[in-house]
Amino acid sequence: MVILGIESSCDETAAALCKNGKIISSIFRSQEIHQQYGGVVPEIASREHDSNINYIVHRALEEGESTFKDIHSIAVTYGPGLFGALLVGLNYAKGLAIGLQIPFMGVNHLEGHLYASIISYPDLQYPYICLLVTGGHTQIWEVKNAGDYILHATTVDDAAGEAFDKGARILGLAYPGGPEIEKVAENGDPFSFPFTMPYIKSHPLNFSFSGLKTAILYKIRDMDTNEKKINIANIAASYQKVIIDTLLDRLKKVIHKTGISRVSITGGVAANRFFRKKADIFMRNYNAQIYFPPLEYCTDNAAMIAMAGYQRLKAGYKSPLYLEPNPNLALDDVIVT
Ligand code: KG4
Ligand code: ZN
């Protein structure tokens, strides 16, 4: 069974092939045009997707040594994301499904992230915990089965990736801030500028990262240029530490609550090497099994969409042709037939 996965929810046009549960190709093109505007411009994103999608799908077929005739079904992101961007991928998928007379499956982008680890660890068994850490989301899910997920924790304000990005901006570092802070922090002492771990008394499992940017601002506001230069590595290392410690603290609590110790950590922040090192220690301390996807599947990609589609199709789901893009799609309102 070959599934074509398509992803176009933001500024990556991506396509991948999943053959009998194995990813045999994964192609993406990032839209660099947005850099000059300092953020993604929705209308430009849609036009770029429109120009690229056919080429990207053909590249994915080529890399997977397949043709359109080999495809059994299509999995496509239909939310959350930018409406116009989603529309391009979804309409392309629908047109192809009609032309090839095959079923298609609308996939929630976040659901794709939940399956990113299974690509490299096909033996990862249900139920497992997924700590999803991107620029827009910081959530802990229990993945019980295909289409059956429980949300245990979420952020009440900024996402962890956003905390990295905002912290980096305050330190005068480039965007995206995560990799920049990681680089600078390598030469710093994570214990030198202790930050208080954010904690919400009424919802002890949830995250709150918005206070940290004020905290970092306070640490550097009275420093002159020279002091900032001397201290930047130590501040970055301490700031990175408190974000990662917070993520692992809530993870520990969810493991304790559910009794499930198989964990997937995914999303852009999962690329952080300090995080991976700390997770390794965590794993030994709490007797958990932690799975990180390779870097290419941490950030947005179509392989995870194809894999989510595979899991759903195996469970007998498919989507109706009237399916529309949903920019605010939640994980529990996937429309299926
Ligand atoms: O999952 P992602 O690529 O895109 C979405 O937000 O959907 O995540 C991007 C986020 C950005 O906030 C970026 O700063 C963060 O992931 N990030 C990192 C690292 N690489 C990317 N954060 C910490 N360390 C990194 N190495
Ligand atoms: Zn994403």
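The following exchange examines a zinc site, a buried residue and a helix crossing in a predicted model.

Trainee: What makes His109, His113 and Asp300 the donors of the zinc ion (ligand 2)?

Mentor: The zinc ion (ligand 2) is coordinated by NE2 of His109, NE2 of His113 and OD of Asp300, at 2.1 Å. Donors must lie within 2.8 Å of the metal, so these atoms qualify. Along the chain, the donors follow the spacing H-x3-H-x186-D. His109 belongs to helix α3 (residues 109-114), whereas Asp300 lies in the loop between α10 (295-298) and α11 (303-314), 191 residues apart.

Trainee: Why is His109 called buried, and why is Asp300 called partly exposed?

Mentor: His109 has 8% relative accessibility and therefore counts as buried, the limit being under 20%. Asp300, at 23%, counts as partly exposed, because that class runs between 20% and 50%.

Trainee: How do you know that Asn231 is buried?

Mentor: Its relative accessibility is 18%, so Asn231 counts as buried under the 20% limit. Asn231 is part of helix α8 (residues 225-258). Leaving aside residues up to four places away in sequence, Asn231 touches Phe193 and Met223.

Trainee: Why is α6 described as oblique to α8?

Mentor: The axes of α6 (residues 177-185) and α8 come within 8 Å and cross at roughly 120 degrees. That angle makes α6 oblique to α8, because roughly perpendicular ends at 115 degrees and roughly antiparallel requires over 145. The crossing is left-handed. On the α6 side, the contact is made by Ile181, Glu182, Val184 and Ala185; on the α8 side, by Ile232, Ala233, Ala236, Ala237, Tyr239 and Gln240. These residues divide into eight nonpolar, one polar and one charged.

Note on methods. Residues are numbered from 1 along each chain as its sequence is written. Chains are lettered from A and ligands numbered from 1 in the order in which they are written. This is a predicted model: local features need pLDDT of at least 70, side-chain atom pairs count only at pLDDT 80 or more; totals for chains, interfaces and linings use all residues. Side-chain values use heavy atoms; hydrogens and water are left out. Donors are N, O and S atoms within 2.8 Å of the metal (3.2 Å for Na, K and Ca); water is not among the atoms, so sites may look incomplete. Helices (H or I, at least four residues) and strands (E, at least two) are DSSP runs, numbered from the N terminus. Buried means under 20% relative accessible area, exposed over 50%, partly exposed in between (1.4 Å probe, protein chains only). Contact means heavy atoms within 4.5 Å. Axes are lines fitted to C-alpha atoms, for helices over the stretch in contact, and angles run from 0 to 180 degrees between N-to-C directions. Angles under 35 degrees count as roughly parallel, over 145 as roughly antiparallel, 65 to 115 as roughly perpendicular and the rest as oblique. A crossing is left-handed if the near helix is turned anticlockwise from the far one by less than a right angle, and right-handed if clockwise. Ala, Val, Leu, Ile, Met, Phe, Trp, Tyr, Cys and Pro count as nonpolar, Asp, Glu, Lys and Arg as charged, and the others, Gly among them, as polar.
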